[in-house]
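Here are my notes for a colleague who is opening this structure for the first time. Please read them with the view open beside you.

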Amino acid sequence: PDGQYNLGECPELRGLYVATGFNGNATSLVPTATKTLSQWIVNDGPTSDVWGVDIRRHGRFSFNDTSYLKSRAQESVKLNVETPFPRFEFSSGRNLRKSPLFFRLKNEGACFGTKTGWERVNWLTPRDTKLTFDGKEPKPTYGFGKQNWFASQREEHILTREKAIVFDLSSFGKILVQGSDALPFLQRICCNQMDAPIGKLIYTGMLNERGGFETDVTVTRLSHDSFLIVTSTAQVIHDLDWMNRHRRSDEKFSFFDVTSNYACLALMGPKSRDILSKVTDADLSNDAFPFSTSQDIGDGVRASRISYMGELGWELYVPTEIADHFFDRLRSHDPSLRFGGYYAIDSLRLEKGYRAWGGDISPDDTPLESGLGFAVNYDK
């Protein structure tokens, strides 16, 4: 679906290895792919970073939809002879998975990108501002210079730093782990200390035998034996497979993909506390709600005080069916509140020095090499 071949062991069936999807250009890579797959079989896992062709990179919904695969395959073949522009987005196989805020975002001038079948906002051009595109649906113009979304992304970046903004992070993967052995299991596969107070949010990696990042996640302790893992959009299948491979037969716990159960609205910026305080009775002060903690703030909404953008803010995990209504409540107390997109998230996190898996860190990079030694607990 992305123009690359597929390599590795199927996550649904142990012992079934695949090497498929080689087009004319990819046949030159067969010797390398053969060696890589052989090492994978012998070592029960890849021995280097092969995420770009790892079969686990695909979303379950996109990989099983034949109409999606057919349309995407036709477009991806063309890319072998076309210019690979930065920030390229596929135009085929779209609208497979949508946030509950999708139509609102579209009406507010969102330009969507796609990731593992999800429609995600890259940037927005509000139609009531000087950045309007004359009422037309905003689309990127590709090139190697400054592209047409730069002014929109800049505005979103500044709003985050100076006022407040909402990012729709609903596509982030969410995995619920619960059971009497949930804590011992997470202690074993995560490099940070997981035995934390209820409501604590922990940033951690899951490391391979080389000490490299198989994934980096945030884990919230919901109760004595229940945890919520939040991972990147593209990592859900990989992380579920990694966890399944490392659980022991005598351990009593279960884990589920609950991504679709909750929307995630990231309310970020110096004014975020003032806005959020209008829709909850929870005490949002630093003393009552410190950084890296999570609380239920009513109506089934979980607020986690953490930020990938480097500003004061909360990730709000809202039941899917009330997400649109919840945003209405936020905006009713600040009519100027608007959405931001992933391009602004990227510039904000780079400015802050936050890492991104797949770009800054990979299975070949250790926490110490990545400047993330603080996320390793050596005493547990």
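1. Start with a strand pairing. Val166 has Leu267 of strand E11 as its bridge partner. This is a predicted model, so read each point below as a statement about a prediction. E5 (residues 165–168) and E11 (residues 262–268) pair in the antiparallel sense. Four bridges hold that pairing on record here.

2. E5 also pairs with strand E15 (residues 339–340). Here the strands run parallel, and two bridges join them. Phe167 has Gly340 of E15 as its bridge partner.

3. Which residues of E5 point which way? Ile165 and Phe167 point one way, and Val166 and Asp168 point the other way. All are buried, Asp168 included.

4. Now step back to the sheet. It is open and has six strands. Their order is E12-E13-E14-E11-E5-E15, and the pairing is mixed. Strands of a sheet pair through backbone hydrogen bonds, either parallel or antiparallel.

5. Which strands stand at the edges? E12 (294–296) and E15 do. Each has a single partner strand, so one side of each is left without a neighbour in the sheet.

6. Look at the E12 edge. E12 and strand E13 (residues 302–304) run antiparallel, joined by three bridges. Asp296 has Arg302 of E13 as its bridge partner.

7. A helix lies on these strands. H5 lies across E5, E11 and E15. It runs at about 120 degrees to E5.

8. H5 (residues 150–162) also packs with helix H10 (residues 342–352). The angle is about 55 degrees, and the axes are 8 Å apart. That angle makes H5 oblique to H10. Their crossing is right-handed.

9. Which residues make the contact between these two helices? From H5 come Gln153, Glu156, His157, Thr160 and Arg161. From H10 come Tyr343, Ala344, Ser347, Leu348, Glu351 and Lys352. By class, the contact of H5 with H10 has three nonpolar, four polar and four charged residues. A general point helps in reading such lists: an α-helix has 3.6 residues a turn, so residues three or four places apart point the same way.

10. Last, turn to helix H7 (residues 236–246). Is H7 mostly covered or mostly uncovered? It is mostly covered, with nine of its 11 residues buried. Val236, Ile237, Leu240, Trp242 and Met243 are among them. The buried residues also include His238, Asp239, Asp241 and Arg245.

Note on methods: Residues are numbered from 1 along each chain as its sequence is written. This is a predicted model: local features need pLDDT of at least 70, side-chain atom pairs count only at pLDDT 80 or more; totals for chains, interfaces and linings use all residues. Side-chain values use heavy atoms; hydrogens and water are left out. Axes are lines fitted to C-alpha atoms, for helices over the stretch in contact, and angles run from 0 to 180 degrees between N-to-C directions. Angles under 35 degrees count as roughly parallel, over 145 as roughly antiparallel, 65 to 115 as roughly perpendicular and the rest as oblique. A crossing is left-handed if the near helix is turned anticlockwise from the far one by less than a right angle, and right-handed if clockwise. Contact means heavy atoms within 4.5 Å. Ala, Val, Leu, Ile, Met, Phe, Trp, Tyr, Cys and Pro count as nonpolar, Asp, Glu, Lys and Arg as charged, and the others, Gly among them, as polar. Buried means under 20% relative accessible area, exposed over 50%, partly exposed in between (1.4 Å probe, protein chains only). Two strands pair if DSSP finds at least two bridges between them.
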